[in-house]
Amino acid sequence: MRSRRWLATALMVTALTVPAAAGAKDDDDDVRVSIAGIPQVGATLEASAATKDGDGVAGTYAWRRCKGGSKKSCVAIAGASGTRYTLTTDDLDRRIRVRLRLREGDDEDDGDKNKNVVDSAPTKPVVAEPP
C-alpha cells in the first residue's frame, strides 16, 4: 500500500505559475511550467508549458539540479535541454527543476536577463528506488 501511495504522489505534476513577461497585467498571460514523472534514478522526467488558459508556449528548456527547494541552490545540468531529462546517480537526493526561457520578447534587450524566464516547482528528492 505504501508503494502505491508513493507512486501516486510521484506521478503528480508539479507546477509554478508566474507572469509570462514583466509587467503582464492580464491573468491569461500567466505561464505554467510543469514536470511530470517519477523522481527516481533511471526514470525520465518530462517538462511542459502552457498559459493559464491552455495555450502552448514557445521557448527553450534547461534542466537544473537543486540541493534544496530554493532556486538559489540550483545549478544547470550540463547538456540537459529539451522537454525530457533522464535522471542519473548525480541527481540522487537532489530536487530537479526545469527553466523555460520564453521566445517572445527575445528581441527586447532591457538588461534584465531573467525577464522572460519561468521556473517549475522542484520535484521531490530523487531516489534510487521506491521507498
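The following exchange discusses a predicted model of one protein chain.

Me: What pattern does the chain follow along the sequence?
Reply: The order is α-β-β-β-β-β-β-β-β, that is, one helix and eight strands.

Me: What average pLDDT does the chain have?
Reply: The chain averages 76, and 67% of the residues score at least 70.

Me: Where is confidence lowest and where is it highest?
Reply: The lowest value belongs to strand S1 (residues 14-19), with a mean of 37, whereas S6 has the highest, at 98. Over residues 1-28 the pLDDT is below 50, although this stretch has 56 contacts in the model beyond near neighbours in sequence.

Me: Why be careful there?
Reply: Where pLDDT is low, predicted coordinates should not be read in detail.

Me: On to the sheet, then. Which strands form the open sheet, and in what order?
Reply: Four strands take part, in the order S5-S4-S7-S8, with antiparallel pairing. Strand S5 (74-81) and strand S8 (117-119) are the edge strands; each has a single partner strand, so one side of each lacks a neighbour in the sheet. From one strand to the next, the twist averages 35 degrees.

Me: How many bridges join S4 and S7?
Reply: Strand S4 (residues 59-66) and strand S7 (residues 95-102) pair over eight bridges, in the antiparallel sense. Within this pairing, Ala62 has Arg99 in S7 as its bridge partner.

Me: And how many between S7 and S8?
Reply: S7 and S8 share three bridges, also in an antiparallel arrangement. Arg101 is bridged to Val117 in S8.

Me: Which strands does S3 pair with?
Reply: One partner is strand S2 (residues 30-36), antiparallel to S3 over six bridges; Ile35 has Ala47 of S3 as its bridge partner. Another is strand S6 (residues 84-86), which pairs with S3 in the antiparallel sense over three bridges. There, Thr44 stands opposite Thr86 of S6.

Me: Which side chains of S3 point to the buried face?
Reply: Leu45, Ala47, Ala49 and Thr51 point to one face and are buried. Thr44, Glu46, Ser48 and Ala50 point to the other face and are not buried. In a regular strand, side chains alternate in this way between the two faces of the sheet.

Me: Thr51 is polar-looking on that list. Why does Thr51 count as buried?
Reply: Thr51 has a relative accessibility of 17%, and the cut-off for buried is under 20%. Thr51 belongs to strand S3 (residues 44-51), and its side chain makes a polar contact of 2.4 Å with the side chain of Asp53.

Me: What about Arg65, buried or exposed?
Reply: Arg65, which lies in strand S4, counts as buried because its relative accessibility is 18%.

Me: Which polar partners does its side chain have?
Reply: The side chains of Arg65 and Asp91 are joined by a polar contact of 2.6 Å. In addition, the side chain of Arg65 reaches the backbone oxygen of Asp90 at 3.4 Å.

Me: Which residues is Arg65 in contact with, sequence neighbours within four places aside?
Reply: Besides Asp90 and Asp91, Arg65 is in contact with Ser73, Cys74, Val75, Ile77, Tyr85, Thr88, Arg94, Arg95 and Ile96.

Me: Changing topic: which residues of the largest nonpolar core touch the most other members?
Reply: Val33, Trp63, Ile96, Val98 and Leu100 do so, in a core of 18 residues. S2, S3, S4, S5 and S7 each supply at least two residues of this core. The greatest share comes from S7, with four residues. In soluble globular proteins, nonpolar side chains tend to be buried together.

Me: What is Val98 in contact with?
Reply: Apart from its neighbours within four places in sequence, Val98 is in contact with Val33, Ile35, Ala47, Tyr61, Ala62, Trp63, Val118, Asp119 and Ser120. Of these, Ile35 and Ala47 are the bridge partners mentioned earlier for S2 and S3.

Me: What percentage of the chain is buried?
Reply: Buried residues account for 31% of the 131 residues in the chain.

Me: Last one: what percentage of the contacts links residues 24 or more positions apart?
Reply: Among the contacts in the chain with a separation of 6 or more, 57% are between residues 24 or more positions apart.

Notes:
Residues are numbered from 1 along each chain as its sequence is written. This is a predicted model: local features need pLDDT of at least 70, side-chain atom pairs count only at pLDDT 80 or more; totals for chains, interfaces and linings use all residues. Side-chain values use heavy atoms; hydrogens and water are left out. Buried means under 20% relative accessible area, exposed over 50%, partly exposed in between (1.4 Å probe, protein chains only). A polar contact is a pair of N or O atoms within 3.5 Å; within protein, one must be able to donate a hydrogen and the other to accept it, and residues adjacent in sequence count only if both atoms are side-chain atoms. Two strands pair if DSSP finds at least two bridges between them. Axes are lines fitted to C-alpha atoms, for helices over the stretch in contact, and angles run from 0 to 180 degrees between N-to-C directions. Contact means heavy atoms within 4.5 Å. A nonpolar core is a set of buried Ala, Val, Leu, Ile, Met, Phe, Trp, Tyr and Cys residues joined through side-chain atoms within 4.5 Å. pLDDT is the predictor's confidence in each residue, from 0 to 100.
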